[in-house]
Amino acid sequence: RIMGGEDTTFISPNIAFRLRALAKQARERVARRKRNARLLLHPDSSLLISWQVFSILLIAWTLFEIPFTMVFTKKGNDMQKLCTVDWIMIANVIADVCFLFDVVVNFNTSYVDSEA
């Protein structure tokens with residue numbers, strides 16, 4: 001029953017059932033959108049900017065590490081290094097994992113559409 005001022009309007013049980021089902025679906029959609037929105041990063045968020053600065057530092061590391069490794073690695077049959085720098089290999093693996101994570105971050109970054 002819908003109360004509206006002086007007159008009272010009755011809704012059939014079938015229509016009331018449908019309205020309740022539609023309202024439930026709408027609430028679920030809103031909740032799902034809120035959950036999904038938590039996974040998106042705003043382009044101006046401090047977390048994203050910090051991640052981008054960290055990525056630039058990783059790129060700078062790679063920029064200097066590759067020539068260093070090429071110069072100080074002996075090209076021979078046994079591939080023996082002139083200086084033992086196993087920590088460079090560990091740092092490269094960490095950088096590679098961070099670059100793979102960066103792909104995931106970029107897929108979950110929203111953008112501002114100036115035409116919308």
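**Exercise 1.** Find how many aromatic pairs the whole structure holds.

*Solution.* Rings of Phe, Tyr and Trp (its six-membered ring) pair if their centres lie within 6.5 Å. A search of the whole structure finds 3 aromatic pairs. The model is predicted, with local features needing pLDDT of at least 70 and side-chain atom pairs counting only at pLDDT 80 or more, while totals for chains, interfaces and linings use all residues. Residues are numbered from 1 along each chain as its sequence is written, and side-chain values use heavy atoms, leaving out hydrogens and water.

**Exercise 2.** Classify the pair of Trp-51 and Phe-54, then place both residues.

*Solution.* Step 1: the ring centres of Trp-51 and Phe-54 are 5.5 Å apart and the planes stand at 45 degrees, so the pair is tilted (under 30 degrees is stacked, over 60 edge-to-face, the rest tilted).
Step 2: both residues lie in helix H2 (residues 46-71), 3 residues apart, about one turn of the helix. A helix here is a DSSP run (H or I) of at least four residues, numbered from the N terminus.
Step 3: Trp-51 is buried because its relative accessibility is 17%, whereas Phe-54, at 34%, is partly exposed (buried is under 20% relative accessible area, exposed over 50%, partly exposed in between; 1.4 Å probe, protein chains only).
Step 4: ring pairs link Trp-51, Phe-54 and Phe-101 into a cluster.

**Exercise 3.** Do the same for Trp-61 and Trp-87.

*Solution.* Step 1: with centres 6.1 Å apart and planes at 45 degrees, the rings of Trp-61 and Trp-87 form a tilted pair.
Step 2: this pair links distant parts of the chain, as Trp-61 is in helix H2 and Trp-87 in helix H3 (residues 86-107), 26 residues apart.
Step 3: Trp-61 has 28% relative accessibility and is partly exposed; Trp-87 has a relative accessible area of 53% and is exposed.

Key:
Helices (H or I, at least four residues) and strands (E, at least two) are DSSP runs, numbered from the N terminus.
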